[in-house]
Amino acid sequence: MSTAAPTATNALQVTDPRTGKQYSLPIQDGAIRAADLRQIKTGPEDFGLMAYDPAFLNTASCRSKITYIDGDKGVLEYRGYPIDELAEKSTHLEVAYLLLHGELPSKAQLAQWTHDVTYHTIVHANVGKLIEAFRYDAHPMGVLQSAVAALSTFYPDARDIKSPENRRLQMLRLIAKMPTIAAMAFRHRLGLPFVQPNNDLSYTGNFLSMLFRMTEAKYTPNPVIERALDVLFILHADHEQNCSTNAMRAVGSSHTDPFSAVSASIGALYGPLHGGANEEVLRMLAEIGSVKNIPDVIKQVKEGKRLLMGFGHRVYKNFDPRAKIIKKLAYEVFEVTGKNPLLDIAVELEKIALEDEYFVKRKLYPNVDFYSGLIYQALGFPFEMFTVLFAIPRTAGWLSQWEEMLNDGEQKIARPRQLFMGPAHRSYVEMARR
Ligand code: CMC
C-alpha cells in the first residue's frame with residue numbers, strides 16, 4: 001500500500017462550504033477512504049461527514065484478488081483467467097482450486113485436491129433424517145439452507161476459524177457435501193430413497209448419480225450432460241461482491257463458522273433478484289406461453305408493471321459473458337435431451353428486448369440466469385432446483401472470499417452506519433394518557 005503524502009494529483013481537494021475549510025483526501029486505487037471524510041466537521045460536536053450509499057452502488061467494501069469484472073466491456077476473469085477459456089478447458093474442481101489458492105494446480109495438486117474433496121462427499125446419516133422431516137413439497141433451497149446450517153452442529157470444530165488447516169478442512173467438507181445435500185433435497189420431493197455418493201465418478205458425474213440413479217447397479221452419466229453441468233458450475237463459481245458473497249463476508253466477519261455463513265449466503269442467493277431469477281425466468285417463459293404474447297409482456301415491462309426476469313445487472317452494462325456461453329451450451333444439451341419448447345420464446349424475447357429503446361437506453365442485457373433454466377429444465381430438473389444448482393458451485397466462490405476476508409488485516413466486523421431519521425428524544429407516555 002502506498003504511503004505517499006497526498007499531492008494535488010493523488011488527492012481529492014475538498015472545500016467544505018459550511019466552514020470554508022479545505023481538506024486533502026488521498027486517492028488510492030481509484031478510491032478515497034470513506035473514513036477520511038470523518039475529519040470534515042462543522043465543529044467539535046459534529047460526528048463528521050459520512051458517505052451515504054444505500055445498496056452499495058458506489059462503495060468498495062474490500063480489496064480482492066479473486067474475480068475481475070469489467071461491466072462495460074462484458075469481461076469476467078477468475079484470478080486473471082478469462083471465463084470463456086476456463087469454461088472451454090477447465091473443470092469445476094480445478095476452478096474451485098484456482099479460486100481458493102490463486103493459481104492453477106499442478107497435475108499432482110489437482111489429483112490431491114480431487115481426492116480430498118471426494119473423501120468428504122458423505123453426510124452424517126442424521127442429515128438425511130433432518131431432510132426427511134421436511135414436508136414433501138419443501139422448496140429445496142430452504143432444505144439446503146437448513147441442512148448446511150445444521151452441519152455446524154455436526155462439525156463444532158468449524159468454530160476454530162483462526163486455524164488455516166481447520167478452515168481448509170471445513171472448506172473441503174462444504175464443497176464436497178453441497179451436491180450430496182442438494183441431491184437429497186431433490187429426491188425427498190420425489191419420495192425417492194437417497195443415493196450414496198459414488199467416489200469413482202467426477203464431481204458432476206457423482207452429482208448426477210445421486211440425483212437420478214434408480215435400480216441400475218452402476219450409474220453411468222451421459223458425458224455431454226456431465227460436461228454441460230460442469231461448465232455451468234464453472235460459470236457460476238464466483239462473481240466478486242454480489243449479494244450472497246457480500247452476505248458471506250458480512251456474516252463471516254463476526255467470526256462465525258463457515259457453515260453458518262454459507263447458510264446465510266444461500267438465503268441471499270434464494271431471492272428472485274439474485275440467484276432465484278433462474279427459477280423466475282422459467283416461470284415467466286411458461287406463463288408467456290407463446291411468441292405471440294411477447295409484445296404484451298414487453299408493454300407491461302415498459303409500463304413498470306413487471307420485470308423481465310433474467311435481464312439487467314448491477315455491474316454488466318453489456319452482454320453478461322456467462323449468458324453468451326450458456327446460450328451456446330443450451331444448443332449442445334438440446335442435441336441430447338431434445339429442444340426445450342420454451343427456447344423459441346426466450347430467443348424471440350431476447351431479440352425484441354435487445355432492439356427496444358427501453359432496454360437499449362437502460363443497457364439491459366440477458367444475464368446468467370436467462371438461459372440456464374432452459375438447460376436445467378431440459379436435464380429434468382423442476383424449477384425449484386434451479387437456484388440450488390447455482391448454490392453448489394458458488395460455494396467455492398463464497399469460501400474463497402471468506403478466506404480472503406479473514407486474511408485481510410484491514411477487515412473488521414462489517415457494521416455500516418445509518419442516517420437516523422426517526423423522532424428526537426422523547427419521554428415514554430403512560431397508556432392512560434395516549
Ligand atoms: N426488467 C425491466 N426493467 C429493468 C430490469 C428488468 N429485468 N432490470 C432493471 N430494469 C430497469 C429498472 O426499472 C430501472 O429503470 P428506471 O431507471 O426507469 O428506474 C433501470 O432498469 C435500472 O435498474 P436498477 O433496478 O436500478 O438496477 P439494479 O442494479 O439495482 O438491479 C437487478 C439489478 C439484476 C436486480 C435488476 O436488473 C433486476 O431486477 N433484474 C431482474 C432479476 C434478475 O434477472 N436477476 C439476476 C441478476 S444476475 C445473476 C445473479 O445475481 O444472481
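Here are a few exercises on this predicted model, each with a worked solution.

**Exercise 1: the ligand's neighbours**

Find out which residues come nearest to the ligand, and how the shell around the ligand divides into nonpolar, polar and charged residues.

*Solution.*
- Start with the neighbours: there are 21 residues around the ligand, and the nearest are H274, L308, G310, F311 and R314.
- Now sort the shell by character: twelve of its residues are nonpolar, six are polar and three are charged.

**Exercise 2: polar contacts and cover**

Look at H274, G310 and R362, and work out which part of each one, side chain or backbone, has an N or O atom paired with an oxygen atom of the ligand.

*Solution.*
- Take H274 to begin with: an N or O atom in its side chain sits 2.9 Å from a ligand oxygen.
- Go on to G310: here a backbone N or O atom is the partner, again with a ligand oxygen, at 2.9 Å.
- Then check R362: its side chain supplies the N or O atom, 3.0 Å from an oxygen of the ligand.
- Last, see how well the ligand is covered: on its own it exposes 930 Å², and 70% of that is buried by the protein.

**Exercise 3: two domains**

Say where the domains of the protein chain begin and end, and how many Å separate their centres.

*Solution.*
- Mark the bounds: domain 1 covers 1-52, while domain 2 covers 63-408.
- Then go from centre to centre: taken over C-alpha atoms, the centres of domain 1 and domain 2 are 41 Å apart.

**Exercise 4: looking for disulfides**

Count the disulfides, then explain why C62 and C243 do not form a bond.

*Solution.*
- The count comes out at zero disulfides.
- Start from C62: its closest cysteine sulfur belongs to C243 and is 14 Å away, so the gap is too far for a bond.
- Turn it round: for C243, the closest cysteine sulfur is the one in C62, and that is also 14 Å off, too far for a bond.
- Compare their surroundings too: C62 is buried, because its relative accessible area is 18% and the cut-off for buried is under 20%. C243 has 47%, so it counts as partly exposed.

**Exercise 5: placing Y203**

Decide which helix holds Y203, whether it is buried or exposed, and what distance separates its C-alpha atom from that of A176.

*Solution.*
- Find the helix: Y203 belongs to helix 7, which spans residues 203-212.
- Check its cover: the relative accessibility of Y203 is 10%, so this residue counts as buried.
- Finish with A176: Y203 and A176 are 27 residues apart along the chain, and 8.4 Å separates their C-alpha atoms.

Notes: Residues are numbered from 1 along each chain as its sequence is written. This is a predicted model: local features need pLDDT of at least 70, side-chain atom pairs count only at pLDDT 80 or more; totals for chains, interfaces and linings use all residues. Side-chain values use heavy atoms; hydrogens and water are left out. A residue is near a molecule or strand if one of its heavy atoms lies within 4 Å of it. A polar contact is a pair of N or O atoms within 3.5 Å; within protein, one must be able to donate a hydrogen and the other to accept it, and residues adjacent in sequence count only if both atoms are side-chain atoms. Accessible areas come from the Shrake-Rupley method with a 1.4 Å probe; for residues, only the protein chains shown count as cover. Ala, Val, Leu, Ile, Met, Phe, Trp, Tyr, Cys and Pro count as nonpolar, Asp, Glu, Lys and Arg as charged, and the others, Gly among them, as polar. Domain bounds come from an automatic or database domain assignment. A disulfide is a pair of cysteine sulfur atoms within 2.5 Å. Buried means under 20% relative accessible area, exposed over 50%, partly exposed in between (1.4 Å probe, protein chains only). Helices (H or I, at least four residues) and strands (E, at least two) are DSSP runs, numbered from the N terminus.
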